[in-house]
Protein chains: 2
Amino acid sequence: MVENRLDTTFHALADPTRRGMLASLALGERSIGELGEPFCMTFAGAAKHVKVLENAGLIRRRKVGRKQICALQAKPLEEAERWLRQWERFWTVRLDQLEALIERENQKETGE
Amino acid sequence: MVENRLDTTFHALADPTRRGMLASLALGERSIGELGEPFCMTFAGAAKHVKVLENAGLIRRRKVGRKQICALQAKPLEEAERWLRQWERFWTVRLDQLEALIERENQKETGE
DNA sequence: ACCACATTAAACCATCTGGTTGACAATAAG
DNA sequence: CTTATTGTCAACCAGATGGTTTAATGTGGT
């Protein structure tokens, strides 16, 4: 189901555990055990999240002795951010006109 | 499982059909039928995607006659973009040093 | 009143997800 | 060699997802 790069990137980011792991990696490299430690979770469970991040290209692993050291790989994040930036005008330029329009509609309809 | 705003936003974006619907909405308002039309899919199937987008706060609906007119609502996109921008330094400032480091590691290990 | 259209809701299905457990492999250390 | 550490793999589970079909609702047009 998940096919292209944006799919896998956004999917990887749609989970607080994985975003936490990325935040942890932002502070420095971590082994899988270290990455999973903050979350109440089995080692194998954490390893699955790591694999999702790896498949999305968001981290890179290298072996050091018996440890797997993970490091952040931000390229896919850049692509995702570029895609999102495409929509910037919809929350800036159009905001004023949209808001007026929506206000008017809300008064007529739900009034949320 | 899906809890906070970033979760629902990223999850909604992790699907090409839904991103396509957003792209369609970028050109103007659309009914659910119009949104689903480009994708080989049942109406009910398309309506489910629309509901995901709505739950993520990415679209807003209003009733016009017997149609449900959907309009883009970009606020959550802005939040997601802001979160992603947080990582910008990892694909800019650190890129040079990281690349050198990774190169050295690759030569020693896998050589991917 | 009646029919066609736009949408909703519910039941169902296959697959994916996020998590567990337990068995196993590889490496460091004693 | 033996043992503890670090990680992989496969099986399993409950629940979510993405899709279908079918039946029902609401609305507009005639």
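In chain A of this predicted model, strands β2(A) and β3(A) form a hairpin with 2 residues between them, and A:Gly65 in the turn has a positive phi of about 60 degrees. Helices (H or I, at least four residues) and strands (E, at least two) are DSSP runs, numbered from the N terminus. The strands β2 (residues 59-64) and β3(A) run antiparallel and are joined by 6 bridges; two strands pair if DSSP finds at least two bridges between them. Along this pairing, A:Ile59 stands opposite A:Leu72, and A:Arg61 has A:Cys70 as its bridge partner.

The hairpin belongs to an open sheet of 3 strands in chain A, with the order β1-β3-β2 and antiparallel pairing. At its edges lie β1 (30-31) and β2, each of which pairs on one side only. Helix α2(A) packs on the sheet and touches β1, β2 and β3 of chain A. The direction of α2(A) makes about 90 degrees with that of β3(A); axes are lines fitted to C-alpha atoms, for helices over the stretch in contact, and angles run from 0 to 180 degrees between N-to-C directions.

Next comes the meeting of the two chains. The contact takes 28 residues from chain A and 28 residues from chain B, where two residues are in contact if their C-beta atoms, placed from the backbone, lie within 7 Å. On the chain A side, α5(A) gives the most, with 7 residues. By class, that side has 14 nonpolar, 2 polar and 12 charged residues. Here Ala, Val, Leu, Ile, Met, Phe, Trp, Tyr, Cys and Pro count as nonpolar, Asp, Glu, Lys and Arg as charged, and the others, Gly among them, as polar.

The DNA strands complete the picture. Around DNA strand D there are 23 residues, of which A:Ser31, A:Gly33, B:Thr42, B:Ala44 and B:Gly45 come nearest; a residue is near a strand if its C-beta atom, placed from the backbone, lies within 6 Å of it. To this surface α4(B) gives the most, with 5 residues. Around DNA strand C there are 24 residues, and the nearest are A:Thr42, A:Gly45, A:Gly65, B:Ser31 and B:Gly33. A:Gly65 is the residue in the hairpin turn. The largest share near DNA strand C, 5 residues, comes from α4(A).

Residues are numbered from 1 along each chain as its sequence is written, while chains are lettered from A and ligands numbered from 1 in the order in which they are written. In this predicted model, local features need pLDDT of at least 70, side-chain atom pairs count only at pLDDT 80 or more, and totals for chains, interfaces and linings use all residues.
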